[in-house]
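Grab a viewer and a notepad, and let's work through a few exercises together. Each one sets a task and then walks through a solution.

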Amino acid sequence: MEQYIGASLMLLFATGIAGGMVLMTSLLGPKKSFADKDEPFECGESQIVSPHQRFSVKFYLVAVLFILFDIEAVFLFPWAILFKKLGMFGFIEMFLFLLILGVGLLYVWKKGGLDWE
Amino acid sequence: MIPAPIVDLVSLSPVIVLSLFAMGVLILDLFIGKDKTVLVFLSLLGLFLAAVSSLAKGTGPIYSFSNSYVVDTFSIFLTFVFAISSALAIMLSVSYNKEQGIKIGEYYSIILFCTVGMIVLASSADLIMIFLGIEIVSISLYILAGIRRTEKRSNEAALKYFLLGAFASGFLLYGMALVYGATGTTHLKDIASVLASSEFKTSPILLMGVVLLVVGFGFKVASVPFHMWAPDVYQGSATPVTAFMSVGPKAAVFAAFFRIFVEGIPNISDYWDTILCIVAVITMFVGNLGAIIQDNMKRLLAYSSISHAGYILVALIAKNSLGMSSLLFYMLAYAFMSFGAFAIIIILDKQNGDNLEVKDYAGLGFKHPVIAVCMSIFLLSLGGLPPFAGFVGKFYIFSAAVKEGYITLVVLGVLNSAISFYYYLRVIVYMYMKEPEGDYQVQPSLAPFSLLVIGIAVFGTIELGIFPGPVISWTMN
């Protein structure tokens, strides 16, 4: 049983802090009610709007590019940590990878994918 | 120090060469003007070099990258088939793209990337590599299907293909996961040896995985009952893309299909034999009976391509070495005759890019006799009439199946060949025996590249039909 004491304490603290926060705010916090506040929260969007709102397609382009180069970073981190152990092989491989991504960046750049206007 | 893995770049050389050329085409496109002709020549050069470099390792099976990539006769032969079919597709696109106003230079680089995926697919000996190849091929094809951006039909084709294709990839991947779960390995050779000596053969996980693999591959090669997307996608895409889709990627997926089922899980063939026999028979019937009622030429060829998937499945079911070599031979023969028929459709297209109905071919035999003769050669070869390539291909496939005792299957296959003559001959009858309705005149647009494709296709169709020996002995290796 003894090895579970730490975990139980952790569980107790976690529920205590979370539950305590909710309890304290509901006891101590000011209570003003108005129409906007009673609506369910949805990241700053109003609940009832026309669904015909249009997003600029540029947002999607930026999002796609972000994901592409974000993945690059995901691969770079473990490579940087193991840089010395991987030796020359890892160095060359990663630069080939970056070269291919560089081709992609050049393509996006020349195509005007980075221009907002 | 982490030891560097053993990298065998020579056996990967066709993939590397083609990837470099694809990126080169992509970049060069940014710096040239509206005229994309130089990209065409660069792409053709890349395909040629890739095909040549595939010979660098000799023909013996050489495994590399921890046994997940293999160079053997099968993969080398298919690399040549892919290079030929992609080259024909690119040559067909030149005048078509000019007429349709498709000024997208990326088109050529996507075809090259798709070819990279096909080579990976034909050379992989590991489930993960196979999935990687299938995804490279599929994603390229989704883009190619929608290349006529302003055309509604093209958009429909791309979206339909993408949604259903992504779904099928899911089936395929889940099937692979279950097979991995049952056997504990993704290498096809290891899967085969695990299944040779163990009691896992009847494990429900394994059998479920195999069924999902059949569904996934069945979709990718457009076999019935997973063929629904094919006619719409084939009709909606640009015609050179349709020709490309129905040959290269299909052959590549069949290669992976063959590798998994015949090299990976032949020991449980008692279980998948019957499923594939049924799929093959209904594919042939639905393809051929569906083609009979089509009036649009492109749709007719789409259904005919479905039925050909059925014939090729027979080669897979045979499971012997003759089956393998007949599969390879049929891929090459089909590349020539299919590209030939599509090339004729392209040069006879109307100005607005609509392709012709069968009845528009009336009287073609007298107005443009050479074109009509070429078309007849391709159609008769697709039907399987000697002395053309289609006959030899079918003959080898059926003899491989007879050798293994699949008599009923072969009888149904031959019956289907007979049915297929009805719609192939119908076009020929229109060309030679009917008067054109009204005063509409077909104006063929004879671009040099398209004529070259037709010439190559005629030569290939007749050459493989009369002197199949050298190619057959190469595939037998």
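A residue counts as buried if 20 or more other C-beta atoms lie within 10 Å of its own, as exposed if 12 or fewer do, and as partly exposed in between. Keep in mind that this is a predicted model. The model scores are ipTM 0.77 and pTM 0.88.

**Exercise 1. Work out how chain A is built and how spread out it is.**

Step 1: start with secondary structure. Chain A has four helices and zero strands, giving the order α-α-α-α from the N terminus.

Step 2: check the radius of gyration. The globule rule gives 13 Å for 117 residues, but chain A comes out at 25 Å, well over that, so chain A is more spread out than a compact globule. Its C-alpha trace spans about 60 × 60 × 20 Å along the principal axes.

Step 3: apply the burial cut-off. Buried residues make up 0% of the 117 residues in chain A.

Step 4: look at the domains. Chain A splits into domain 1 (1-32) and domain 2 (52-117), and the C-alpha centres of these two domains of chain A lie 42 Å apart.

**Exercise 2. Describe the contact between the two chains.**

Step 1: count the residues. On the chain A side nine residues are in contact, and they meet seven residues of chain B.

Step 2: sort the chain A side by type. The residues of chain A that touch chain B are six nonpolar, one polar and two charged.

**Exercise 3. Run the globule check on chain B.**

Step 1: list the elements. Chain B comes to 19 helices and two strands.

Step 2: compare with the rule. For 477 residues a compact globule would have a radius of gyration near 23 Å, and the 22 Å of chain B agrees with that. The C-alpha trace of chain B spans about 70 × 55 × 40 Å along its principal axes.

Step 3: look at burial and contact range. In chain B, 57% of the 477 residues are buried. Of the chain B contacts with a separation of 6 or more, 80% are between residues 24 or more positions apart.

Step 4: check the confidence. Chain B averages a pLDDT of 90, with 97% of the residues at 70 or above.

**Exercise 4. Find the largest nonpolar core and the helix that feeds it most.**

Step 1: get the core. The largest nonpolar core has 182 residues, and B:Leu121, B:Leu316 and B:Ile344 have the most contacts inside it. Helix H13 (residues 321-347) of chain B gives the most to this core, with 21 residues.

Step 2: zoom in on one of those residues. Skipping residues up to four places away in sequence, B:Leu316 touches B:Phe257, B:Phe258, B:Phe261, B:Val262, B:Leu276, B:Gly323 and B:Leu327.

Step 3: tie it to a general trend. In soluble globular proteins, nonpolar side chains tend to be buried together.

**Exercise 5. Decide whether helix H9 of chain B is enclosed or open, and say what covers it.**

Step 1: count. Six of the eight residues of helix H9 (residues 229-236) of chain B are buried, so this helix is largely enclosed by the rest of the structure.

Step 2: name them. The buried residues of H9(B) are B:Ala230, B:Pro231, B:Val233, B:Tyr234, B:Gln235 and B:Gly236.

Step 3: find the cover. It includes helices H5 (127-145), H6 (152-183), H10 (239-264) and H12 (297-318) of chain B.

**Exercise 6. Hunt for unusual backbone geometry in the loops of chain B.**

Step 1: recall the baseline. Most residues other than glycine have a negative phi, and most peptide bonds are trans.

Step 2: pick out cis bonds. One joins B:Val224 and B:Pro225, with omega about 5 degrees, and B:Pro225 sits in the loop between helix H8 (204-220) and H9 of chain B. Another cis bond runs from B:Pro386 to B:Pro387, with omega near 10 degrees; B:Pro387 is in the loop between helix H15 (369-383) and helix H16 (389-403) of chain B.

Step 3: pick out positive phi values. B:Asn67 has phi near 65 degrees and lies in the loop between strand E1 (62-64) and strand E2 (69-71) of chain B. B:Lys319 has a positive phi of about 65 degrees, and its place is the loop between H12 and H13 of chain B.

Step 4: classify both. B:Asn67 has 15 C-beta neighbours inside 10 Å, so it counts as partly exposed. B:Lys319 has 20, so it counts as buried.

Key: Residues numbered from 1 in each chain as written. Chains lettered and ligands numbered in written order. Rg over C-alpha atoms; globule rule 2.2 N^0.38 Å. Domains from an automatic or database assignment. Nonpolar A, V, L, I, M, F, W, Y, C, P; charged D, E, K, R; others polar. Core = buried A, V, L, I, M, F, W, Y, C linked by C-beta atoms within 7 Å. pLDDT = per-residue confidence, 0-100.
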